[in-house]
Amino acid sequence: MTKSYDGSLFGEAQPCFGCAVDHPIGFRLTFEKDGDDVVTRFVPGERYQGPPGIMHGGLVATLADEIAAWVLVLQLKRFGFTAEMQCKLERPLRVGQEVEGRGRIVKPGSRVVGIEVHLHQDGAIAYRGQLKFALLDEAAAAKLLGGELPDAWKPLAR
């Protein structure tokens, strides 16, 4: 059986739109490791549409960003902050139909990590993205957040 991970890893009442298990309108994503890939499955509901029946493009990018962040968490035991995102929307993602998202590290680094994300629906690729994440130590992450780093995040900041 494959182990599943979700936002509870970061403690109770954490606010992440992508992975918080109790976010009232968030994606509530769960993730699994599949070799070098990190995988999630998600069915976008009607509240996530832009044009009728199609997932809003900004939320598609949000989905890809969350996958990339979890690649760091599950493959490197680190967290990072999005520094750059380039993407191509190959076709629209339809609401009400399962999306499979896959991410993997394509450019390792000690300060910046390159991650590739693909989103598939109905057996076809819908999104391709290249993201760069900055890896910060505890002090730099706390400064970026404007306060202290939550205790549950500290083991991933080094």
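At 43% relative accessibility, Cys-87 counts as partly exposed. In this predicted model, the sulfur of Cys-87 is 18 Å from the closest cysteine sulfur, which belongs to Cys-16 and is too far away for a bond. Cys-19 is buried, with a relative accessible area of 3%. The cysteine sulfur closest to that of Cys-19 is again in Cys-16, at 3.7 Å, and this distance is also too far for a bond. A disulfide requires two cysteine sulfur atoms within 2.5 Å, so the 3.7 Å between the sulfurs of Cys-19 and Cys-16 does not qualify. A search of the whole structure accordingly finds zero disulfides.

**The largest pocket**

Cys-16 also appears in the description of the largest pocket, where it is among the residues closest to the centre, together with Glu-66, Ala-69, Gly-80 and Trp-153. The space in this pocket amounts to about 490 Å³, and the lining consists of 21 residues. By class, 14 of the lining residues are nonpolar, five are polar and two are charged. Helix α1, residues 57-76, and strand β3, residues 80-89, each supply at least two residues of the lining. The element that gives the most is α1, with six residues.

**Strand pairing**

The strands β2, β4, β5 and β6 can be followed through their pairings. Strand β2, residues 37-42, runs antiparallel to strand β4, residues 99-107, and five bridges join the two. Within this pairing, Val-38 has Gly-103 in β4 as its bridge partner.

Strand β4 is in turn joined to strand β5, residues 112-121, by eight bridges, and these two strands also run antiparallel. They form a hairpin with four residues between them. Two residue pairs illustrate the register of β4 against β5: Val-99 has Gln-121 as its bridge partner, and Arg-104 stands opposite Glu-116.

Strand β5 pairs with β6 in the antiparallel sense over ten bridges. In this pairing, Gly-114 stands opposite Lys-132 in β6. β5 and β6 form a hairpin with two residues between them. The pairings are collected below.

| Strand pair | Sense | Bridges | Source of each row |
|---|---|---|---|
| β2 (37-42) and β4 (99-107) | antiparallel | five | bridge count |
| β4 and β5 (112-121) | antiparallel | eight | bridge count |
| β5 and β6 | antiparallel | ten | bridge count |

**Backbone conformation at selected residues**

The turn between β5 and β6 contains Asp-122, whose phi is positive at about 55°, although Asp-122 is not a glycine. Asp-122 lies in the loop between β5 and β6, the latter spanning residues 124-135. With a relative accessible area of 59%, Asp-122 is exposed.

Ala-13 is another residue other than glycine with a positive phi, near 60°. Its place is in the segment before β1, which covers residues 32-34. Ala-13 counts as exposed, at 69% relative accessibility.

A positive phi also occurs at a glycine: just after α2, Gly-146 takes a value of about 80°.

**Side-chain to backbone contacts**

His-23 is likewise placed in the segment before β1. Is His-23 buried or exposed? At 17% relative accessibility, His-23 counts as buried, because the limit for that class is under 20%. A polar atom of the His-23 side chain lies 2.9 Å from the backbone nitrogen of Gly-26.

A further contact of a side chain with a backbone nitrogen is found at the start of helix α2, residues 138-145. There, a side-chain oxygen of Asp-137 reaches to within 3.3 Å of the backbone nitrogen of Ala-139. At the other end of this helix, the residue with positive phi just after α2 is Gly-146.

Technical notes. Residues are numbered from 1 along each chain as its sequence is written. This is a predicted model: local features need pLDDT of at least 70, side-chain atom pairs count only at pLDDT 80 or more; totals for chains, interfaces and linings use all residues. Side-chain values use heavy atoms; hydrogens and water are left out. Two strands pair if DSSP finds at least two bridges between them. On a 1 Å grid over the protein atoms alone, a cavity is a set of points where a 1.4 Å probe fits but cannot get out, and a pocket is an open set with protein on both sides within 12 Å along at least five of seven lines; lining residues have an atom within 4 Å of a point. Grid points are joined across faces, edges and corners, and a volume is the space filled by probe spheres set on the points. Ala, Val, Leu, Ile, Met, Phe, Trp, Tyr, Cys and Pro count as nonpolar, Asp, Glu, Lys and Arg as charged, and the others, Gly among them, as polar. Buried means under 20% relative accessible area, exposed over 50%, partly exposed in between (1.4 Å probe, protein chains only). A polar contact is a pair of N or O atoms within 3.5 Å; within protein, one must be able to donate a hydrogen and the other to accept it, and residues adjacent in sequence count only if both atoms are side-chain atoms.
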